[in-house]
Amino acid sequence: MRRPSSAWALALASRLLMRTAVRLLGARQAAWAQAMQAEVASVGSERMALAFAWGCLCTALGHALAAARGGLALVHNAGVLTCALAVLAGCLFMHSAGAPGHYVWMNLLSLAFAVATFRLLPRRRLQADERLRAKLSFALGALLLIAGLGQASTGASAWLQVGPVPLNLAWLLLPALLVVSDVRPQSAARPWALGGLLMACGTLALQADALLMGLVAAVLGVRAWHQRSCALALLALASSVMAAHFGQAWQAPQALAFVDQVVQHGFEQNLATGLALALLQVLPLWPALRHRQARLHGLVWGLLVALSLPGWLPSPLVGYGGSFIAGYLLSLALLAGDTAERPSASPRPAAACRRRAPPTWPRSGLT
């Protein structure tokens, strides 16, 4: 007997819904997905099968959203989006305000380079492997120290040329080092992270950089308070003393148009432009306001934004300069995974799907 076209349509809809649910569940819930598919195939009525498939899809969708909230997927997506919006809007402002043409192209190239690097990094492994994170922080500190020693002995520039994009090593690597060195106090790999921080502080002392030394002191002080760490507290205290010492001879750099004090430049044009640039300047802090995993990242970049407002540092993301663009996404990729908020064991599929099934469904549930 030939099945009516409506029955074929219902069967096709059930298959599509179940295929989507299987993709949402992924490999970890493969057994659950197979049980769902078997149950749908055993239901005699197409309408009942469609109702069951719809309930399974809703449950799988809710589970996928809960897993995303417990991980760093949303943090990364929000960070990349806000970075791209800030850079593109800053390029639009520079173009309309008459900035040199290569300013816009250099920022766009820096954004493309940063996003490509972000996508290529093994972010999941870096989130989960504390030993790898600690050794990476040691490597970043060693790289900063080698560059600082070379600059002190030979007068070589602290800038790294990546194709046409010039990158300042301190502005590029220091935020990433402060983020990736955040390991648990009881971790066996913690000495590697502390060694990286110590070398970074030594580099800043060699360069007499009171500004970044104060930034390191503030970040380490907050971390020492939360982790109750004497080692971090001592390092923060030493950084504060050196920042105060070098700050006596420190002078603010001369402001460069479209590089420093970009927000003030916008207010000089008109109020709307200034307010828009001020919003764009704090836009990269959005992931930290929405997600607990990004609070350390937000602390580092919030301090950098605060230091840039008086013109002590270049305006991050909205002003000309690729170092902060690449540094923002690099530090975002190195965020640690939050094991405390991993999704719990999968709920029983029978109860979840039975709530959405019709009341006359003849089966008692999955086993």
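Start by selecting the hairpin of β1 and β2, where two residues lie between the strands and Gly 163 takes a positive phi near 65 degrees. Helices (H or I, at least four residues) and strands (E, at least two) are DSSP runs, numbered from the N terminus. Please keep in mind that this is a predicted model, in which local features need pLDDT of at least 70 and side-chain atom pairs count only at pLDDT 80 or more, while totals for chains, interfaces and linings use all residues. Residues are numbered from 1 along each chain as its sequence is written, and side-chain values use heavy atoms, with hydrogens and water left out.

Next, colour β1 (residues 159-162) and β2 (residues 165-168), which run antiparallel and are joined by four bridges; two strands pair if DSSP finds at least two bridges between them. Within this pair, Trp 159 stands opposite Asn 168 in β2. The whole protein has 17 helices and two strands.

Keep Trp 159 and Asn 168 selected and add Trp 171, Leu 313 and Pro 314, because these five are the closest to the centre of the second largest pocket among the 43 residues that line it, a pocket being an open set of points on a 1 Å grid over the protein atoms alone, where a 1.4 Å probe fits, with protein on both sides within 12 Å along at least five of seven lines, and lining residues having an atom within 4 Å of a point. About 680 Å³ of space lies in this second largest pocket, a volume being the space filled by probe spheres set on the points, which are joined across faces, edges and corners. Its lining has 27 nonpolar, 14 polar and two charged residues, where Ala, Val, Leu, Ile, Met, Phe, Trp, Tyr, Cys and Pro count as nonpolar, Asp, Glu, Lys and Arg as charged, and the others, Gly among them, as polar.

Now move to the nonpolar core, a set of buried Ala, Val, Leu, Ile, Met, Phe, Trp, Tyr and Cys residues joined through side-chain atoms within 4.5 Å, where buried means under 20% relative accessible area (1.4 Å probe, protein chains only). The largest such core has 74 residues, and those with the most contacts inside it are Cys 83, Met 94, Leu 174 and Leu 329. Helix α8 (residues 169-180) gives the largest share of this core, eleven residues. Select Leu 329 and, leaving aside its neighbours within four places in sequence, you will find it in contact with Gly 79, Val 80, Cys 83, Ala 114, Val 115 and Phe 118, contact meaning heavy atoms within 4.5 Å.

For the last stop, select Gln 281, Pro 284, Leu 285, Trp 301, Val 305, Pro 316 and Leu 317, which line the largest cavity; a cavity is a set of grid points where the probe fits but cannot get out. About 30 Å³ of space lies in this cavity.

Terms used
Buried < 20%, exposed > 50% of the residue type's maximum accessible area, 1.4 Å probe, protein only.
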